[in-house]
Amino acid sequence: MEDIKAYIESGILELYILGDVTHEERLQVEAMAAKYPAIRAELDEIERSMELFAKNNAVEPSENLRERVLNSVLTNLGDDSIFASKTEETKDNVIVLPATKTNSFYKYAFAACLALLLASGIALMSLYNRLQQSNNQLAALQLDKQNFAHTVRLMDGQLQVFRDASYKIMKLQGTPHAPGAELTVAWSPAEKKVMIDMGSVKMPVNDSAHQYQLWALVAGKPVDLGVFDKTADSTDMKEMKSIASADNFAVTLEPRGGSISPTMDQMMVIGKF
């Protein structure tokens with residue numbers, strides 16, 4: 001069920017309805033729809049929603065525009081000077097009159113057809129622009145949906161950590177080198193897991209040549225628990241290397257990739273459970 005839900009939330013069904021999928025993806029969607037009723041129902045619902053959206057946002061050409069196009073065409077084509085004029089001919093003393101009525105009929109019929117063609121072209125162009133706007137809005141909504149789902153997953157992961165009684169939560173405090181620095185660490189000795197709350201990091205954004213490195217002090221010896229970057233949009237929980245026992249935790253600023261031993265004069269935060 002989770003796989004079906006993830007497949008529906010991936011956005012492939014909307015792209016299928018819009019025709020923006022490869023041949024292999026189209027066959028895959030049709031096979032999934034045939035196999036799973038939930039996917040077929042979602043496809044039908046997306047199609048109905050898009051049809052309703054297009055219907056509610058359809059724009060007819062204004063009467064003023066239609067009349068201007070028609071009058072312009074009729075004025076130009078109704079001018080007899082643009083057609084080859086026929087004069088009276090005399091043959092065997094019999095005056096032959098030009099077929100003016102027939103010519104006029106075809107002229108105005110042609111003008112009406114051309115006007116209808118132009119009006120249809122304008123309407124189609126308007127509909128195409130509306131469809132493009134709908135596609136852009138749909139893509140934006142799908143991106144928002146994916147971002148929201150990612151945020152929910154991150155929050156769910158944080159809640160699981162804070163609700164797990166095996167985790168110990170501690171806020172590492174700044175050192176004299178960085179008195180305003182802070183970092184929240186969650187450690188489960190039973191599961192040997194160490195998590196850091198990236199949203200709680202109060203340290204300067206590191207440059208491309210350096211990274212922050214987390215250390216555990218075990219019997220007075222530093223143990224590497226991995227490196228991480230502080231960015232302006234850091235918000236998730238990051239899992240570090242496993243450890244079963246530790247006396248203290250600390251963070252230092254090291255060259256990118258980490259160091260074998262901590263640079264003591266670059267220690268940012270430290271704390272003890």
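This is a guided tour of one protein chain, stop by stop, with a suggestion at each stop of what to select.

**The whole chain**

Begin with the entire chain in view, and keep in mind that this is a predicted model. The secondary structure comes to six helices and 10 strands, and of the 273 residues of the chain, 26% count as buried. Among the contacts with a separation of 6 or more, 60% are made by residues that are 24 or more positions apart.

Next, colour the chain by pLDDT, which averages 79, with 73% of the residues scoring at least 70. Select residues 80-88, where the pLDDT is below 50, although this stretch still has 11 contacts in the model beyond near neighbours in sequence. Where pLDDT is low, the predicted coordinates should not be read in detail.

**The sheet**

Now show the strands as a cartoon and look for an open sheet of eight strands, which runs in the order E7-E6-E9-E10-E3-E4-E5-E8 with antiparallel pairing. Strand E7 (221-228) and strand E8 (237-239) stand at the edges, and because each has a single partner strand, one side of each is left without a neighbour in the sheet. If you follow the sheet across, the twist averages 30° from one strand to the next. Strands of a sheet pair through backbone hydrogen bonds, either parallel or antiparallel.

Select strand E6, residues 210-218, together with E7; these two strands pair in the antiparallel sense over six bridges. One residue to pick out here is Tyr 212, whose bridge partner in E7 is Phe 228.

**Gln 211 and Lys 230**

Stay with strand E6 and select Gln 211, which lies in that strand. Is Gln 211 buried or exposed? Its relative accessible area is 8%, so Gln 211 is buried. A polar atom of the Gln 211 side chain lies 2.9 Å from the backbone nitrogen of Gly 257. If neighbours within four places in sequence are left aside, the contacts of Gln 211 include Val 227, Phe 228 and Asp 229, and also Thr 252, Leu 253 and Glu 254.

Then move to Lys 230, in the loop between E7 and E8. Lys 230 has a relative accessible area of 13%, so this residue also counts as buried. Not counting residues up to four places away in sequence, Lys 230 touches Val 201, Met 203, Pro 204, Val 205, Asn 206 and Tyr 212.

**Charged pairs**

Side chains of opposite charge can pair when their charged atoms come close. The count for this model comes to seven salt bridges, and the tour visits some of them.

Show the side chains of Glu 182 and Lys 171, which meet in a salt bridge with an N to O distance of 3.9 Å. This pair links distant parts of the chain, with Glu 182 in strand E4 (residues 182-188) and Lys 171 in strand E3 (residues 168-174), 11 residues apart. Lys 171 is partly exposed, with a relative accessible area of 44%.

Keep Glu 182 selected and add Lys 202, since the side chains of these two residues also meet in a salt bridge, at 3.7 Å from N to O. Lys 202 sits in the loop between strand E5 (193-197) and E6, 20 residues apart from Glu 182. Which residues are joined into one network by salt bridges that share partners? They are Lys 171, Glu 182 and Lys 202.

For a pair within a helix, select Arg 48 and Glu 45, whose side chains meet in a salt bridge of 2.9 Å, N to O. These residues are three apart in helix H4 (residues 37-56), which means that about one helical turn separates them. Glu 45 counts as partly exposed, at 39% relative accessibility.

**Two loop residues**

Finish with the backbone of two loop residues. Lys 192, in the loop between E4 and E5, has a positive phi of about 60° although it is not a glycine. Lys 192 counts as partly exposed, at 45% relative accessibility.

Ala 219, whose place is in the loop between E6 and E7, has a phi near 55°, again a positive value in a residue other than glycine. At 68% relative accessibility, Ala 219 counts as exposed.

Note on methods
Residues numbered from 1 in each chain as written. Predicted model: local features only at pLDDT ≥ 70, side-chain atom pairs only at ≥ 80, totals over all residues. Heavy atoms only, no water. Pairing = 2+ DSSP bridges. Helix = DSSP H or I, 4+ residues; strand = E, 2+ residues; numbered from the N terminus. Axes fitted to C-alpha atoms, helices over the stretch in contact; angles between N-to-C directions. pLDDT = per-residue confidence, 0-100. Contact = heavy atoms within 4.5 Å. Salt bridge = Lys/Arg side-chain N within 4 Å of Asp/Glu carboxyl O. Buried < 20%, exposed > 50% of the residue type's maximum accessible area, 1.4 Å probe, protein only. Polar contact = N/O pair within 3.5 Å; in protein donor to acceptor, adjacent residues only side chain to side chain.
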